[in-house]
Amino acid sequence: MSKRNKIIISVVILFLLGVIGICKFSFSSGYKIYITNNTNNTVEKLELKYKVGIIQTISQIESKKSWKDTIDTNAIQGGNSIILTYKDNKGNSYEEYIVGYLEKGYNGKANVVINNIDENGKLEITIK
């Protein structure tokens with residue numbers, strides 16, 4: 001094979017790799033959700049949901065541990081939100097908006113930090 005053909009093949013391969021990389025980056029749809037438990041207690045029975053419908057149930061996050069997942073946004077119909085829900089010791093429900101607004105194909109990340117749990121089981125949460 002001539003030197004010219006090797007150069008042409010190398011350029012084509014680099015071009016294809018570039019196109020594949022751009023497509024993968026451009027069309028990656030999903031929200032990466034990170035939840036960190038900075039308390040000394042295990043947090044149990046958290047749910048991630050849209051305004052209508054549960055995305056995922058998180059059975060527990062141990063003390064000083066983290067949980068992460070990617071929520072696929074390709075199935076979203078219209079505008080939506082990602083909400084973290086839980087109940088305290090008395091059965092009262094709480095909602096924390098993790099992502100206030102998203103649509104089909106949106107991507108990004110949200111960091112949720114659980115800083116404290118009061119005596120009733122209510123969480124003190126920071127969202128970044």
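This briefing covers the two sheets, the salt bridge and three buried residues of the structure above. The model is predicted. One open sheet has four strands in the order β3-β2-β5-β6, and another open sheet of four strands has the order β4-β1-β7-β8. A search of the whole structure finds one salt bridge.

**Sheet β3-β2-β5-β6**

- The pairing in the sheet β3-β2-β5-β6 is antiparallel.
- β3 (54-61) and β6 are the edge strands, and each has a single partner strand, so one side of each has no neighbour in the sheet.
- On average, neighbouring strands of this sheet are turned by 20° against each other, with direction ignored.
- Three bridges connect β2 and β5, which pair in the antiparallel sense.
- Leu-48 has Leu-84 in β5 standing opposite.

**Sheet β4-β1-β7-β8**

- The sheet with the order β4-β1-β7-β8 has mixed pairing.
- Its edges are β4 (66-71) and β8 (123-127), each of which pairs on one side only.
- From one strand to the next, the twist averages 20°.
- β1 and β7 (residues 107-117) run parallel and are joined by eight bridges.
- Lys-32 has Lys-109 in β7 as its bridge partner.

**Salt bridge**

- The salt bridge is formed by Lys-49 and Glu-95, whose closest N and O atoms are 3.3 Å apart.
- Lys-49 belongs to strand β2 and Glu-95 to strand β6 (residues 93-102), so the pair ties together parts 46 residues apart in sequence.
- Glu-95 has a relative accessibility of 45% and counts as partly exposed, because the exposed class begins over 50%.

**Thr-39**

- Thr-39 is located in the loop between β1 (30-37) and β2 (43-49).
- Thr-39 has a relative accessible area of 6% and is therefore buried, the cut-off being under 20%.
- Its side chain reaches the backbone oxygen of Asn-41 at 2.9 Å.
- With neighbours within four places in sequence left aside, Thr-39 is in contact with Ser-63, Lys-64, Ile-114, Asn-115, Asn-116 and Ile-117.

**Asn-80**

- Asn-80 is part of strand β5 (residues 80-87).
- The relative accessible area of Asn-80 is 11%, and the residue is buried.
- A polar atom of the Asn-80 side chain lies 3.1 Å from the backbone nitrogen of Lys-51.
- Residues up to four places away in sequence not being counted, Asn-80 touches Tyr-50, Lys-51, Gly-100, Tyr-101 and Leu-102.

**Ile-76**

- Ile-76 sits in the loop between β4 and β5.
- Ile-76 counts as buried, at 4% relative accessibility.
- Tyr-50, Leu-102, Glu-103 and Lys-104 are touched by Ile-76, not counting residues up to four places away in sequence.
- The C-alpha atoms of Ile-76 and Tyr-106 are separated by 9.4 Å, and the two residues are 30 residues apart along the chain.

**Shared contacts**

- Tyr-50 and Leu-102 are among the residues touched by Asn-80, and Tyr-50 and Leu-102 are also touched by Ile-76.

Terms used. Residues numbered from 1 in each chain as written. Predicted model: local features only at pLDDT ≥ 70, side-chain atom pairs only at ≥ 80, totals over all residues. Heavy atoms only, no water. Helix = DSSP H or I, 4+ residues; strand = E, 2+ residues; numbered from the N terminus. Buried < 20%, exposed > 50% of the residue type's maximum accessible area, 1.4 Å probe, protein only. Polar contact = N/O pair within 3.5 Å; in protein donor to acceptor, adjacent residues only side chain to side chain. Contact = heavy atoms within 4.5 Å. Salt bridge = Lys/Arg side-chain N within 4 Å of Asp/Glu carboxyl O. Pairing = 2+ DSSP bridges. Axes fitted to C-alpha atoms, helices over the stretch in contact; angles between N-to-C directions.
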